[in-house]
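Welcome! Let us walk through this structure together, starting from its interior and ending at its ligand.

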Amino acid sequence: MSEYKETLLTKDEIENAVKGVAYRIHKDYEGEELLIVCILKGAFIFCADLVRNLDLPCEIDFISASSYGSSTVSSGNVRIHKDIEYDIAGRHVILVEDIVDSGLTLSRLKSFFLSRNPASLKICCLLDKKERRQTDIEVDYSCFTIPDAFVVGYGLDYDSRYRNLPDIMVLDESVYNH
Ligand code: PRP
């Protein structure tokens, strides 16, 4: 039996959407310098593809945060394992996230970043699971709105596996309900 229920998004669909969002960012920030902050671990592939399509001067930094552990639902308890290295005061910052679900991770990170006085702060995500939202966090750039299914691949994991899949797959419930 397959571990996957279906393919939700193919690598070609993802590639097109990432190029589209990179183009929108390019238009909005023309003439500016950007600081891109990749939220590890899930966003590492999306962020790598995004910046390769971004024709703007930018620096890239990384923050490591997690809230899920080995569960399929957010604990709401967001832990920052590694902070960024750059000073963001006066900079135009974009936080790059793989998926916004409850929104708890980004709410916490947004307050954390705003307290450091950036010139501007926006949020870019690959997948937006709008119907699961528990906060009023605004996503500025999103590639896809997706239904409430547990997805893996293209950086997203279940229990640290599946991040290396090129497509985004819906995981079969038998994998996590046992
Ligand atoms: C995932 C994902 C987001 C967060 C989204 O991270 O990468 O950061 O959950 O969920 P939320 O909107 O309900 O807060 P996870 O804790 O699984 O860590 P990872 O990125 O290292 O896989």
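Here is a short tour of the nonpolar cores and the surroundings of the ligand.

A word on the basis first: this is a predicted model, in which local features need pLDDT of at least 70 and side-chain atom pairs count only at pLDDT 80 or more, while totals for chains, interfaces and linings use all residues. Residues are numbered from 1 along each chain as its sequence is written, and side-chain values use heavy atoms, leaving out hydrogens and water.

Begin with the largest nonpolar core, which has 32 residues. Such a core is a set of buried Ala, Val, Leu, Ile, Met, Phe, Trp, Tyr and Cys residues joined through side-chain atoms within 4.5 Å, where buried means under 20% relative accessible area with a 1.4 Å probe, protein chains only. Which of its members touch the most others? They are I25 and L126. The largest share, 6 residues, comes from α1. Apart from neighbours within four places in sequence, I25 is in contact (heavy atoms within 4.5 Å) with residues including L34, L50, I94 and Y141. A second, separate core holds 19 residues, V37 and V78 among them.

Now turn to the ligand, surrounded by 19 residues (each with a heavy atom within 4 Å of it). β5 gives the most to this shell, with 4 residues. Polar side-chain atoms approach oxygen atoms of the ligand: one of E97 lies 2.7 Å away, one of D98 2.6 Å and one of D157 3.1 Å. Taken alone, the ligand exposes 500 Å², and the protein buries 93% of that, with areas from the Shrake-Rupley method and a 1.4 Å probe.

How values were computed:
Buried means under 20% relative accessible area, exposed over 50%, partly exposed in between (1.4 Å probe, protein chains only). Helices (H or I, at least four residues) and strands (E, at least two) are DSSP runs, numbered from the N terminus. A polar contact is a pair of N or O atoms within 3.5 Å; within protein, one must be able to donate a hydrogen and the other to accept it, and residues adjacent in sequence count only if both atoms are side-chain atoms.
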